[in-house]
Amino acid sequence: MTQNNKFYESVEEVAPGRTFLDSSELVINMGPQHPSTHGVLRVILKLDGEKVLGLDCVIGYLHRGVEKIAENRTWAQFNPYVDRLDYVAAVSNGLGYCLAVEKLLAVEVPKRAQYLRVILTELNRLASHQVWLGTHVLDIGAVTPLFYAFRDRELILEVFEKYCGARLTTHAFRIGGCRWDAYEGFAEEVRKTCDFIVPKIAEYGELITGNRIWVERTKGVGVLSGDDCKALGVTGPMLRGAGVRWDVRKAQPYSSYDDFEFDIPIGAAGDTFDRYMVRLEEMRQSIRIIRQAVDGLPEGPLMAKVPKMLKPPAGEVYQNIEAPKGELGYYVVSDGGPQPYRVRVRPPSFINLQALEKMVKGQLVADVVAVIGTLDIVLGEVDR
Amino acid sequence: MKQALFGYLQSKVTPGEAGDMLWATIYVLLVFAGVALAVLFMNWFERKVMAHMQVRMGPMRVGPHGLLQPIADALKLLLKEDVMPEKSDKLVFWFAPVAVCMTAFTAMLVVPFGRAHAITDMNIGVVFMLGVSSLSVLSIMMAGWSSNSHYPLLGGLRAGAQMVSYEIAMGLAVVSAVMLTSMSTGTGSLSMMEIVNQQFQQGRWFAFSFFPLGFIGFVVFAIAMVAETNRAPFDLPEAESELVAGYMTEYSGFRWSLFFLSEYTAMIAVSSIAVTLWLGGWLRPFPNLLSGHRWDLAFSWGPAFVALATAALCFFYVIKMSSIRAMRLNRLGLAALAAVLGALGLLMLLPPVASRIQDIFWFSIKVAGFMYLYVWYRTTFPRYRFDQLMKIGWKVLLPVSLGVVVLTALVGVRHELLPLVWRVR
Amino acid sequence: MKVVALLRKVFLLDLFAGLAVTFRHQTPGAIVTEQYPLERPTLAPRYRGQPKLVKDPLTGEILCNACGACALACPEKLITVESERDPQTKKKVLTGYRFDLSRCMFCGLCEEACPTEALDLTPEYELALYSREGMVFEREQMENGLQRKVYEK
């Protein structure tokens, strides 16, 4: 990584007078506007013919100062802003923030609210993985699964719309519980959605998993070993694809995840294919959790007793959750006032992105796009 | 004048063979117009079929069910600003799309649409087509070079390398089919018409000769032709989501549309080779097995059947289309199309018309099947990486096609070979 | 089963399986596209769309009591509530209400804060306008909604 972006922009700077055909290294810019960078990410590649020698990411094109905004809003007013971090999976962001503030307030969320939160968060994980699936295979060249994935995701977004009033920037949870109860027909609709999606996951498998072209493009590409993941702080399906059995929902359960039975899929080789299989299996496990939660939804209140004007006692807390992209953490510092003193977000995409250079060194140019896809980054989270 | 006109219509040879300049020119214009229309239709067809496979609808607004969309696209491209990069090699930059188009259309010279319906029938027909297709590689390299920018250059070099490596497999597959033309007469022929005639005489399409050898040759050619025309799954040089945007980067507006046009024309040309060599060209299904006057009559209703079926489909959509006022023009247009197709269908039931367009119809249907396959592949398969692509061309297709050539030759001369073998023993 | 795997590879069976999947989806019944301007979807009642000041169906007066809770709750501070005290009833009466829709993120905190359920984010989503000034809703627009010209072709 460079300090002030003085990664040389062209061979002209290095050796004036020579054309690029003379040099053995080629510097190519995969600019912020690119169909495959999943947002405004700029990647500067140093190539030797087709092989990648080095890589530099330039980020910050989507920086909106969210953490600074937090210092100027009340605790409840900041809730809608966290949806805009990982805008593909907004519900988990809200969950993390609410859990962090509830930890500061030392308040216990009622069981019914916890189960509702689990249902919506797991639906949200399904939706996020479907976006990942569609865009990842699109980058590799298959244009159809994108549309199939988005068609299935549409059902989930309809559930969100009927529950909280918005499809993407949901603002579903409140500090202390849930504002809305399950609407009329919620359980049936969620069950129907799950029943619809399960055979579709098998269909993606038919269309993609066995396909020899897919296997050749993804096996052995972008290998990241378990030790490297741990050293770089990479979490989520990237870590589990490398064989490390770590899922925050099992290791440090929150919001009554320990009431449910589910498995954690792990991969063996840590390459793109394994991460793909891990995420597909996670989709199936999410459906398992959703079905258990919907069947066992207890009666009860929806909100804990929290004052209208929230003033958590002074202190600091770190709350981590398993977001679809990895471990999402909120480090919240309170000084006893109505506004947070500091909210620091541990964005999984940002930290996973640091592994990009290690994964593509020595691979071919066409693999860079595949690896960015398998990282599953959302620039809203990377830049905040 | 009238004598010349009607005299020609009775003849049974192509205008090239008859030495008839006037009719040759008319045929050239007809083929050019036909292929251009086919390309326009193919654009619409690809977008609609891809859309339906992706559970969406494709163009619906411009014309009924988007039928006028290609015309709107063409107009837009014509009216765009013509950008020529400052440092580019201006003459070559101008010439490259022209050259690509020229080679693609020239290859259509010898395509046999029917018994007497080709512009000319050269006795080196197949080799001519392959040779002219190879010239298009040169034009793509010209395009990449003249843009004076590294993305197009790398893309052009890649495309050139890909096309050249798959041409070898294509050529060998063609050789294996051409060898089969010598089975009945003892002398083979490279002429496209003669190849189809041989399939008629031998009573089977070459795809099913010496099963499975002919079929393997056909499959090798079918894969190689997809790579030759830079289509999915071998479309890395022109993929949008890859790093290098391809040799067409610096081209915009009408120049880009010429590349686009020539890609579809090349698809039609190589599909025509495949249809002629392996699928019996203009022959109707089972000309020998189901021969006789009654079967001829039944199959001659094929074109009319297709036209009437399409008319019925359009009519069905007219009824199902929403009847709000905004869609009235759309509905009217589709109903008019249905009426025209129905009239054409009924016209094609008349014997003189039916007998004339039989061959063209069967040929077009087979080529259309290949076009559908092209679109199907594009919708389904991801893209191969460049090194994997080259590996398939050189390490898989080339040995297989070589094997097919050798085995076909051996099986073809088995009657002459076996006595020799016995005698040596 | 090495032989079976080899045969599958040679006969391109995995590719045919993929082709079959895309072929199956071509039935017209599978299409999920909605032709938007011709078929307009109706959204869920909880949808957070255009804000509206709700009127009491019996009296025809707005339910707003000018408390200003919505203005306090808004994260973007885009609501302005102007009121004056009625000398007879000693209660606040709403005189002016300004809602800047261009900065609104439709979070729903204002709707939640209102004690009389006077402010409602309705499922109306067609909010495009030709000028930025038009996006600041005054009281009439908040009560009656956007007066749009409906074009009939």
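This passage walks through a predicted model, starting with the build of chain A and ending with a small helix in chain C.

Chain A is a good place to start. Its secondary structure comes to 16 helices and 8 strands. Measured against a simple rule for globules, a compact chain of 384 residues would have a radius of gyration near 21 Å, and the 22 Å of chain A agrees with that. Along the principal axes, the C-alpha atoms of chain A fill a box of roughly 75 × 50 × 35 Å. Of the 384 residues in this chain, 52% count as buried. Looking at contacts in chain A with a separation of 6 or more, 70% come from residues 24 or more positions apart.

One piece of chain A worth a look is a hairpin. Strand 2 (residues 42–48) and strand 3 (residues 51–58) of chain A run antiparallel and are joined by 7 bridges. Across this pairing, A:L45 stands opposite A:L55 of strand 3. The hairpin has 2 residues between its strands, and A:G49 takes a positive phi near 70 degrees there.

Chain A also meets chain B. Here 27 residues of chain A are in contact with 23 residues of chain B. On the chain A side, the elements that give two or more residues are strand 1 (26–30), helix 5 (111–140), helix 6, helix 8 (212–218) and helix 15 (365–375). Sorted by class, that side has 18 nonpolar, 4 polar and 5 charged residues.

Chain C brings a sheet of its own. Its 3 strands form an open sheet in the order 2-3-5, with antiparallel pairing. Strand 2 (79–85) and strand 5 (136–137) of chain C stand at the edges with a single partner strand each, so one side of each has no neighbour in the sheet. Strand 2 of chain C pairs with strand 3 (residues 92–100) over 7 bridges, and C:V81 stands opposite C:Y97 of strand 3.

Last comes helix 2 of chain C. At 1.5 Å a residue, its 12 residues (13–24) should span 16 Å, and the end C-alpha atoms are indeed 16 Å apart. In this helix C:G18, C:V21 and C:T22 are buried. Seen down the axis, the buried residues of helix 2 fall within an arc of 90 degrees, so they line one face of the helix. An α-helix has 3.6 residues a turn, so residues three or four places apart point the same way. The face turned away from the buried side carries the exposed residues C:A20 and C:R24. What covers the buried residues includes helix 6 (144–164) and helix 7 (186–209) of chain A, together with helix 3 (21–53) and helix 15 (351–380) of chain B.

How values were computed
Residues numbered from 1 in each chain as written. Chains lettered and ligands numbered in written order. Predicted model: local features only at pLDDT ≥ 70, side-chain atom pairs only at ≥ 80, totals over all residues. Helix = DSSP H or I, 4+ residues; strand = E, 2+ residues; numbered from the N terminus. Expected span 1.5 Å × (residues − 1). Buried ≥ 20, exposed ≤ 12 C-beta atoms within 10 Å, placed from the backbone. Arc of directions from axis to C-beta. Contact = placed C-beta atoms within 7 Å. Pairing = 2+ DSSP bridges. Nonpolar A, V, L, I, M, F, W, Y, C, P; charged D, E, K, R; others polar. Rg over C-alpha atoms; globule rule 2.2 N^0.38 Å.
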